[in-house]
Amino acid sequence: MRGRTNRRNFLRHAAAATAAVSCSPFAFADEKKILQQTHTYKRVGDLEIQADVLRPDDDMMRPVVFWIHGGALILGNRKSIDRRVKNAFLDAGYVIVSIDYRLAPETKLPQIVEDVEDAYRWVHDQGPRLFRADTKRIAVMGGSAGGYLTLTAGLRAKPRPAVLVSFWGYGDLVGDWYSKPSEFYRKQPLVTEADALNGFGDKPVADGSINGKQRGKFYLYCRQQGLWPKLVTGFDPHNEAENIAPYMPVRNVTADYPATMLIHGTLDTDVPYEQSALMEQEFKRHGVEHRFVTVPDANHGLAGGDETRIADAYAQVLPFVEKHVRG
């Protein structure tokens, strides 16, 4: 029962996240009206890949939070913005840009990362005109797979962001945690290959709510069989690791990597706590400014952690970002 509950918790977190964004203007404590617009930042064939932009209803140039949703690169969509992040940064006067990107298994990792790069470039090129974005002051952040893509943006987004925040993310794609069968996920009924791959085609998808139940089965199969790297990246991690290496933050940190905050629960059964610890080691080795915030006894998404410790972890995000964006 516990395994089934954890699976439901993961899928709920990945597909719906902590809150959906309203499609109409709304207000926070300071009574500033918040406007939302949806833009298409890229087209691939017939697919429009979109971003939601939320900002105070004024003409002021404002710094940007570039949000990347999670979901194992398989599930989720741009509506999945962490509510605490959204409220804190809108109250602080930021523009929030939350992006969709093409999802696996229809699309493989190089093209997924390409979408993130293109979305970031679109913010730089069009943001000042479309939504008064101050593109010299961009913070990139996201959770889980969005945390991974955040760390990847620190390598590949140009010009590099001012600061990154990775919530329970990861920098390694070929380690045992992903490339070997997961004991945790194998406690659940095994998904067959036929059942996992049923219903997927070649047409790209950028909204994980499309065929969402099947996407959950596909993810479970990947973890049970240790096939996530191969089926999501398109490369065999045992024989073609060199092709995956350019997309692995833990192998590509340099001294000019952006300042980064890492937040992770110590009992994470989906993305091991060690994934953030490995990134911290690289930051120390290369002299990158960082802060590693640990939440004891918390699972993925900080589930089950002490509420006071969780609140404290979130409370550290805005000051860290402000230091590097406004400072």
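A salt bridge here is a side-chain nitrogen of Lys or Arg within 4 Å of a carboxyl oxygen of Asp or Glu. By this rule, the count for the predicted model comes to 24 salt bridges. The views below begin with one of these pairs and then follow helix 3 and its surroundings.

**View 1. A salt bridge joins Lys42 to Asp115.** The closest N and O atoms of Lys42 and Asp115 are 2.6 Å apart. Lys42 sits in strand 2 (residues 33-44) and Asp115 in helix 3. With their positions 73 residues apart in the numbering, the pair links distant parts of the chain.

**View 2. Helix 3 crosses helix 4.** Here, look for helix 3 at residues 109-131 and helix 4 at residues 145-156. Their axes come within 10 Å and cross at roughly 70°. Angles of 65 to 115 degrees count as roughly perpendicular, and helix 3 and helix 4 are therefore roughly perpendicular to each other. On the helix 3 side, the contact is made by Leu109, Ile112, Val113, Val116 and Glu117. Helix 4 brings Tyr148, Leu149, Thr152 and Arg156 to the contact. Sorted by class, these residues are six nonpolar, one polar and two charged.

**View 3. A cavity is lined by residues of helix 3 and helix 4, among others.** Searching the whole structure turns up two cavities of 30 Å³ or more. Shown here is the second largest cavity, with a volume of about 60 Å³. Its lining includes Val113, Val116, Glu117, Leu149, Thr152 and Arg156, and each of these residues is also named in the contact of View 2. Phe66, Tyr120, Ala153 and Ala157 belong to the lining as well. Helix 3 and helix 4 are the elements that give two or more residues to this lining. The lining divides into seven nonpolar, one polar and two charged residues.

**View 4. Loops next to helix 3 hold a cis proline and a positive phi.** In the loop between strand 5 (95-99) and helix 3 you will find Pro105. The peptide bond from Ala104 to Pro105 is cis, and its omega is near 5°. Arg132 lies in the loop between helix 3 and strand 6 (133-143). Phi of Arg132 is near 55°, a positive value in a residue other than glycine.

**View 5. A cis peptide bond leads from Lys158 to Pro159.** Omega of this bond is near -10°. Pro159 is in the loop between helix 4 and strand 7 (163-167).

**View 6. Helix 11 packs with helix 12.** For this last stop, follow the chain to helix 11 (residues 307-315) and helix 12 (residues 317-325). Their axes are 4 Å apart, at an angle of about 10°. Angles under 35 degrees count as roughly parallel, so helix 11 and helix 12 are roughly parallel to each other. Ala313, Tyr314 and Ala315 in helix 11 meet Val317, Leu318 and Pro319 in helix 12. By class, this contact has six nonpolar residues, with no polar and no charged ones.

Conventions
Residues numbered from 1 in each chain as written. Predicted model: local features only at pLDDT ≥ 70, side-chain atom pairs only at ≥ 80, totals over all residues. Heavy atoms only, no water. Axes fitted to C-alpha atoms, helices over the stretch in contact; angles between N-to-C directions. Parallel < 35°, antiparallel > 145°, perpendicular 65-115°, else oblique. Contact = heavy atoms within 4.5 Å. Nonpolar A, V, L, I, M, F, W, Y, C, P; charged D, E, K, R; others polar. 1 Å grid on protein atoms, 1.4 Å probe; cavity = no way out; pocket = protein on both sides within 12 Å on 5 of 7 lines; lining within 4 Å. Points joined across faces, edges and corners; volume = space filled by probe spheres on them.
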